[in-house]
Amino acid sequence: GISFGYSKGNYMEIVNVDTVVLIVNRPTLIKFTDTATTRLSSFSVTPSVEHDFIFHRLFSGKDAARFTPQLSFVAGRNNFSVTHRKSSNLYNAYTKKKLRKLRRFNSSNNNGKFELQSIGLDLDANYSFGNFYVEPEIYFDYYIPSTSDKALTSIYAINVGFTF
């Protein structure tokens, strides 16, 4: 199989900063607002291969099992930009120190290239006996680009049911 994805959007965050600076040895409260706007767009292509393994009458004439492994390769391109409208110049007018606490609000751009981003493995099983079934599933995703987070993540679920 193959799937395509596209997303586009923006997000705005407003941060109100209150801080105290010393002016002529007197504490003075100053306030300013930083508005960060993040714009992003992404495009992805995910080819995948899977196969159903089906087994009938494993333990009795009323049961069956299905096992479906799926391997996916997620490739894509992510573009984002962060821009600011801030009045931190007011802060800088009162002090010569740079605002180290607001470093995370620096403007940035990322015009990413199209690349392999992750490899996913989905293991889906199903066992049914008459009207009862149990369906465990686990998904592993290995993130390819360099990151400070964990590269390997997993998600799992177990469904149990009864069909009338």
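## R66 and its salt bridges

R66 is partly exposed, with a relative accessible area of 24%. This value, like the others here, comes from a predicted model. The residue takes part in a salt bridge with D124, in which the closest N and O atoms are 3.8 Å apart. R66 belongs to strand β4 and D124 to strand β6, so this bridge ties together parts that are 58 residues apart in sequence. D124 has a relative accessible area of 14% and is buried.

R66 also forms a salt bridge with E135, and here the closest N and O atoms are 3.3 Å apart. E135 lies in strand β7, which covers residues 132-143, while R66 lies in strand β4, so the pair connects parts that are 69 residues apart in sequence. E135 counts as buried because its relative accessibility is 18%, and the cut-off for buried is under 20%. Through shared partners, the salt bridges join R66, D124 and E135 into one network. The count of salt bridges comes to two.

## The chain as a whole

The chain contains one helix and eight strands. Read from the N terminus, its elements follow the order β-β-β-β-α-β-β-β-β. The chain has 164 residues, of which 25% count as buried.

Contacts between residues at least 6 apart in sequence were also counted, and 64% of them join residues at least 24 apart. The accessible surface of the chain is about 12200 Å². Carbon and sulfur atoms account for 57% of that surface.

## Aromatic pairs

Four aromatic pairs are found in a search of the whole structure. One of them is formed by F43 and F114, whose ring centres are 6.4 Å apart and whose planes meet at 35°, so the pair is tilted. F43 is part of strand β2 (residues 26-50), and F114 sits in the loop between β5 (108-111) and β6, so the pair links parts that are 71 residues apart in sequence. F43 is partly exposed, with a relative accessible area of 35%. F114 is also partly exposed, and its relative accessible area is 47%.

Another pair is made by F59 and Y127: the ring centres lie 6.3 Å apart and the planes are at 65°, so the pair is edge-to-face. F59 is placed in the loop between β3 (53-56) and β4, and Y127 in strand β6, so the pair ties together parts that are 68 residues apart in sequence. F59 is exposed, with a relative accessible area of 72%. Y127 counts as partly exposed, at 24% relative accessibility.

## Y6 and its contacts

Y6 is found in strand β1, which covers residues 2-23. The residue counts as exposed because its relative accessibility is 60%, where exposed means over 50%.

Leaving aside neighbours within four places in sequence, Y6 is in contact with S41, S42 and F43. The last of these, F43, is the residue whose ring pairs with that of F114. Y6 and S42 are 36 residues apart along the chain, and their C-alpha atoms are separated by 5.6 Å.

## A nonpolar surface patch

V49, L71, F73, L116, L121, Y142, I144 and L152 make a nonpolar surface patch of about 650 Å². Two elements, β4 (63-86) and β6 (115-129), each give two or more residues to this patch.

One residue of the patch, L116, is placed in strand β6. L116 counts as partly exposed, at 37% relative accessibility. Strand β6 also holds D124 of the salt-bridge network and Y127 of the edge-to-face pair.

Notes:
Residues numbered from 1 in each chain as written. Predicted model: local features only at pLDDT ≥ 70, side-chain atom pairs only at ≥ 80, totals over all residues. Heavy atoms only, no water. Patch = residues over 30% accessible without salt bridge, like charges linked within 9 Å, V, L, I, M, F, W, Y side chains within 5 Å. Areas by Shrake-Rupley, 256 points an atom, 1.4 Å probe, with all protein chains shown as cover. Salt bridge = Lys/Arg side-chain N within 4 Å of Asp/Glu carboxyl O. Helix = DSSP H or I, 4+ residues; strand = E, 2+ residues; numbered from the N terminus. Buried < 20%, exposed > 50% of the residue type's maximum accessible area, 1.4 Å probe, protein only. Contact = heavy atoms within 4.5 Å. Phe/Tyr/Trp six-rings, centres within 6.5 Å; stacked < 30°, edge-to-face > 60°.
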